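Subject: Structure handover and findings

Hello,

Here is the structure I promised to pass on. Please open it alongside this message.

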Amino acid sequence: MAVEIPPLLKPSRLRRRGGLLGECISEFLGTFVLISFGCGVVAMTVAALPGSGRTEGPTTFFLGAGDWLLITWGWAMAVTFAIYVAGGVSGAHINPAVTLAFAVRRGFPWVKVVPYVASQLAGAFVGAALVYGVYHDAINTFDDVVKGPKTNGHTLATFSIFGTFPAPYFHGGNWGPLVDQIVGTAFLVMFVVAVIDLRNTAVKANLGPLVIGFVVAAIGMSYGANAGYAINPARDFGPRLFTYAAGWQDLAMPGTLAGAFSDYWWIPIVGPLIGGVIGVLVYDLFIGDVLYARALRAEPPEPGRTRPVTTTDDE
């Protein structure tokens with residue numbers, strides 16, 4: 001059915017898109033979708049719902065866990081649909097930590113790493129620009145009404161729509177947020193490779209993107225408050241660059257709020273990159289190597305494990 005849909009461009013112009021260029025375009029669009037809906041749900045929670053009169057006041061949000069659940073499930077759906085959009089062309093890494101981890105352990109060509117990461121960052125930047133374009137009235141109204149520390153007229157709350165920052169109980173320290181990002185991303189990549197590993201109990205019937213969305217929701221609910229669970233360098237750095245250009249200044253780059261934290265910008269980059277590699281190595285050490293060894297020995301499943309159902313076609 002798909003081949004019957006005529007292309008928008010002439011076939012001669014499409015030839016280059018069959019390779020790396022097409023994959024980069026896919027990563028750009030997938031990450032654009034991720035940020036458009038992920039940052040979009042935070043904009044709804046922080047500025048749009050309060051400003052539209054749907055909460056107790058024009059600056060009232062996060063009264064309970066329900067507000068956080070709105071954000072975690074919003075990001076989960078953002079990841080799900082981003083993978084559905086881009087997965088068939090590029091594999092929908094939409095995350096430099098995933099790209100690096102796959103290059104380290106899944107045979108992803110190293111020559112593609114930089115183009116993929118650049119495409120992801122560009123998609124994240126444009127996605128943030130779209131969210132700001134749609135919600136700038138709500139954002140500006142919120143910043144005008146709120147009293148408290150402001151940077152060039154902007155508040156930390158509206159910066160949180162786009163970028164991440166550490167919780168106050170870290171007292172400006174970097175080690176706690178860095179460990180948080182390593183742990184969160186390690187779990188993310190570990191679960192992703194488990195979901196797609198056909199040797200294991202891989203998800204069938206094209207439900208992988210939905211399950212990976214559940215993974216992101218789980219991480220947000222279990223490890224989200226410490227540092228905003230960026231778990232994706234492009235997700236944080238792309239919007240951070242946009243907010244710097246849009247007027248948030250030091251809050252974005254270098255990621256500083258006097259008396260709270262300073263020079264934070266590198267944490268959501270370095271932490272996820274380290275965590276992603278750890279996650280794939282842990283999975284392969286504890287699970288992947290076992291599956292490999294069993295395949296070499298042609299061992300049947302252990303008692304108690306569900307055996308695959310064979311059909312006439314399989315036989």
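Below is what was found in it, topic by topic.

Please keep in mind that this is a predicted model.

**The core**

The largest nonpolar core has 64 residues. Six of them touch the most other members: L34, W75, I139, I161, F162 and W248. Helix α2, residues 20-51, gives the most to this core, with 10 residues. As a general point, nonpolar side chains in soluble globular proteins tend to be buried together.

Take I139 as a way in. Leaving out residues up to four places away in sequence, I139 touches A47, Y132, T158, I161, F162 and W248. Among these, I161, F162 and W248 are also on the list of residues that touch the most other core members.

**Two buried polar residues**

T31 sits in helix α2. Is T31 buried or exposed? T31 is buried, because its relative accessible area is 0% and the cut-off for buried is under 20%. Beyond its neighbours within four places in sequence, T31 is in contact with I94, Q120, G123 and A124.

N232 is in the loop between α8 and α9. N232 is buried too, with a relative accessible area of 5%. Its contacts, again leaving aside neighbours within four places in sequence, are L34, I94, N95, P96, P268 and P272. I94 therefore appears in the contact lists of both T31 and N232, where contact means heavy atoms within 4.5 Å.

**Helix α4**

Helix α4 spans residues 96-105 and is mostly covered. How many of its 10 residues are buried? Seven are. They are P96, A97, V98, T99, A101, F102 and A103. The cover over these buried residues includes α5, α7 (175-196), α9 (233-248) and α10 (267-297).

**The surface**

One nonpolar patch on the surface is worth a look on screen. Its area is about 840 Å². The residues that make it are L69, W73, M77, F81, Y84, L207, L210, F214 and M221. Two elements give two or more residues to the patch: α3 (65-90) and α8 (208-223). Helix α3 gives the most, with five residues.

L69 is one of the patch residues, and its place is in helix α3. L69 counts as partly exposed, because its relative accessible area of 36% falls between the 20% and 50% cut-offs.

V114 is another residue to find. V114 lies in helix α5, residues 113-145. V114 is exposed, at 63% relative accessible area. In sequence, V114 and N95 are 19 residues apart. In space, their C-alpha atoms are 12 Å apart.

**Cysteines**

The disulfide count is zero. Two cysteines were looked at for burial. C24 counts as buried at 13% relative accessibility. C39 is buried as well, at 0%.

**Salt bridges**

Side chains of opposite charge can pair when their charged atoms come close. The search of the whole structure finds five salt bridges. Three are described here, each with the gap between its closest N and O atoms.

| Pair | Closest N and O atoms | Burial |
|---|---|---|
| D284 and R106 | 2.7 Å | D284 buried, 4%; R106 partly exposed, 31% |
| D197 and R199 | 3.0 Å | D197 buried, 8%; R199 partly exposed, 39% |
| D236 and R240 | 2.8 Å | D236 buried, 0%; R240 buried, 0% |

Which parts of the chain does the pair of D284 and R106 link? D284 is in helix α10, and R106 is in the loop between α4 and α5. These are distant parts of the chain, 178 residues apart. The pair also belongs to a network: R105, R106 and D284 are linked by salt bridges.

D236 and R240 both lie in helix α9. They are four residues apart, about one turn of the helix. Both partners are buried, because D236 and R240 each have a relative accessible area of 0%, and buried means under 20%.

**Where to start**

Begin with I139 and its contacts in the core. Then turn to the patch on α3 and α8. Finish at the network of R105, R106 and D284.

Best wishes

Methods:
Residues are numbered from 1 along each chain as its sequence is written. This is a predicted model: local features need pLDDT of at least 70, side-chain atom pairs count only at pLDDT 80 or more; totals for chains, interfaces and linings use all residues. Side-chain values use heavy atoms; hydrogens and water are left out. A nonpolar core is a set of buried Ala, Val, Leu, Ile, Met, Phe, Trp, Tyr and Cys residues joined through side-chain atoms within 4.5 Å. Buried means under 20% relative accessible area, exposed over 50%, partly exposed in between (1.4 Å probe, protein chains only). Patches are made of residues with over 30% relative accessible area and no salt bridge: like charges are joined within 9 Å, nonpolar side chains (Val, Leu, Ile, Met, Phe, Trp, Tyr) within 5 Å. Accessible areas come from the Shrake-Rupley method with a 1.4 Å probe; for residues, only the protein chains shown count as cover. A salt bridge is a side-chain nitrogen of Lys or Arg within 4 Å of a carboxyl oxygen of Asp or Glu. A disulfide is a pair of cysteine sulfur atoms within 2.5 Å.
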